[in-house]
Amino acid sequence: MARPLDRTDFKTPGRGSLPESPAIIKLARQFETSCRKALEAMRGVPWQGTLDAMEDNAQLPADDAGRHIRFESAFGSLTAHLFLDRAAISAVIEAAMGGTGAEDAFNMNERPLSRIESRLIARFEAEFARRIAAALTGHLSEDVRVFNGETPPELSASSGALFQLRYLINVFSYSGEIRLSFARSELEQQIRSLEAKLAEDANAVLQKQLQSEVSKSDVVLTVTLGTEILSLEDISGLRPGRLIELSSTVSSPVTLWSGSVAAFHGRLARNGDRLAVAISAAIP
């Protein structure tokens with residue numbers, strides 16, 4: 001006997017883990033390259049950078065430091081937050097200001113940034129955002145732009161669960177951390193849109209290949225000259241050399257069949273020493 005339905009039968013499936021998604025892993029590696037290139041744009045010194053961690057349900061810095069960035073494409077908007085810890089800020093400023101690593105390590109402590117230092121960090125953040133947009137463009141196969149309004153939307157607790165990428169950077173004797181956080185729901189939407197587009201493109205390619213193969217396939221055509229009704233007794237008495245007269249004549253039209261479908265009308269003709277059929281009209 002079938003049991004009655006209860007509330008557990010209507011539970012929605014849990015969300016998959018983004019850090020285990022192949023698409024996210026690939027995207028994180030592309031961002032890793034973007035991070036290194038943005039650092040090298042500040043100064044062409046041997047920067048080192050590596051993806052350190054991918055975290056679900058991440059938190060933004062408590063002091064609201066960092067920069068909010070919004071990316072826009074045909075797949076919708078993607079809001080991000082870029083944060084450099086003090087050690088990373090020191091590394092960027094030291095390299096940008098011409099440091100060589102031969103002098104003592106520059107320690108910023110917790111003092112406010114000077115105007116020049118703030119501009120250097122803003123320059124790096126803008127360069128990183130531009131390269132992230134380029135990486136997204138390549139990954140999504142859609143043009144992705146950085147929001148150019150005065151104030152981009154901000155990530156917050158109301159934005160839902162956050163997904164965060166952590167990168168470790170090093171130059172000379174400086175090591176620091178860069179965090180790139182996304183609204184998880186927006187990032188998932190981007191990935192789903194990409195997967196749907198790839199599936200659509202793959203189906204279009206498959207359909208084209210199938211049509212090409214079908215067009216090259218052999219089709220058997222049967223030509224019917226006429227029909228005659230014989231009794232079972234007459235058929236059993238047939239012998240080699242016996243002639244069966246048809247109701248049609250040499251000038252009568254013939255029908256070309258493809259399986260059980262009548263395809264064309266035609267007439268008998270010659271092609272050299274071979275018998276042929278000249279197509280007269282297609283059968284609707």
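These legends accompany close-up views of a predicted model.

**View 1. The largest pocket and its lining.** Let us start with the open space in this predicted model. The largest pocket holds about 250 Å³ of space. Its lining is made of 14 residues, and Ala65, Phe83, Leu84, Arg86 and Ile89 are the closest to the pocket centre. By character, the lining of this pocket divides into seven nonpolar, five charged and two polar residues.

**View 2. Elements around the largest pocket.** Which elements each supply at least two residues of the lining? They are β3 (76-84), α2 (86-96) and α3 (115-140). The top contributor is α3, which gives four residues to the lining of the largest pocket.

**View 3. Helix α2 in its surroundings.** Here we stay with α2, one of the elements that line the largest pocket. Eight of the eleven residues of α2 are buried, so this helix is largely enclosed by the rest of the structure. The buried residues run through Ala88, Ile89, Ser90, Ala91, Val92, Ile93, Glu94 and Ala95. Ile89 thus appears in two views: it is buried in α2, and it is among the residues closest to the centre of the largest pocket. What covers the buried part of α2? The cover includes the helices α1 (22-42) and α3, together with the strands β3, β5 (162-171) and β6 (174-183). Do look just past the end of α2 as well, where Gly98 takes a positive phi of about 95°.

**View 4. Asn57 in strand β1.** This close-up picks out a single backbone feature in β1 (residues 48-58), the strand in which Asn57 has its place. Most residues other than glycine have a negative phi. Asn57, however, has a positive phi, near 55°. Is Asn57 buried or exposed? Asn57 is exposed, with a relative accessible area of 53%, where exposed means over 50%.

**View 5. The four-stranded open sheet.** Follow the strands across this sheet and the order reads β7-β8-β9-β10, with antiparallel pairing. At the edges lie β7 (222-224) and β10 (274-282), each of which pairs on one side only. From one strand to the next, the twist averages 40°.

**View 6. The pairing of β7 with β8.** Moving in on one edge of the sheet, we see β7 running antiparallel to β8 (residues 254-258). How many bridges join β7 to β8? There are three bridges between them. A handy pair to find is Thr224 and Thr255: the bridge partner of Thr224 in β8 is Thr255.

Definitions and conventions: Residues are numbered from 1 along each chain as its sequence is written. This is a predicted model: local features need pLDDT of at least 70, side-chain atom pairs count only at pLDDT 80 or more; totals for chains, interfaces and linings use all residues. Side-chain values use heavy atoms; hydrogens and water are left out. On a 1 Å grid over the protein atoms alone, a cavity is a set of points where a 1.4 Å probe fits but cannot get out, and a pocket is an open set with protein on both sides within 12 Å along at least five of seven lines; lining residues have an atom within 4 Å of a point. Grid points are joined across faces, edges and corners, and a volume is the space filled by probe spheres set on the points. Ala, Val, Leu, Ile, Met, Phe, Trp, Tyr, Cys and Pro count as nonpolar, Asp, Glu, Lys and Arg as charged, and the others, Gly among them, as polar. Two strands pair if DSSP finds at least two bridges between them. Axes are lines fitted to C-alpha atoms, for helices over the stretch in contact, and angles run from 0 to 180 degrees between N-to-C directions. Buried means under 20% relative accessible area, exposed over 50%, partly exposed in between (1.4 Å probe, protein chains only). Contact means heavy atoms within 4.5 Å.
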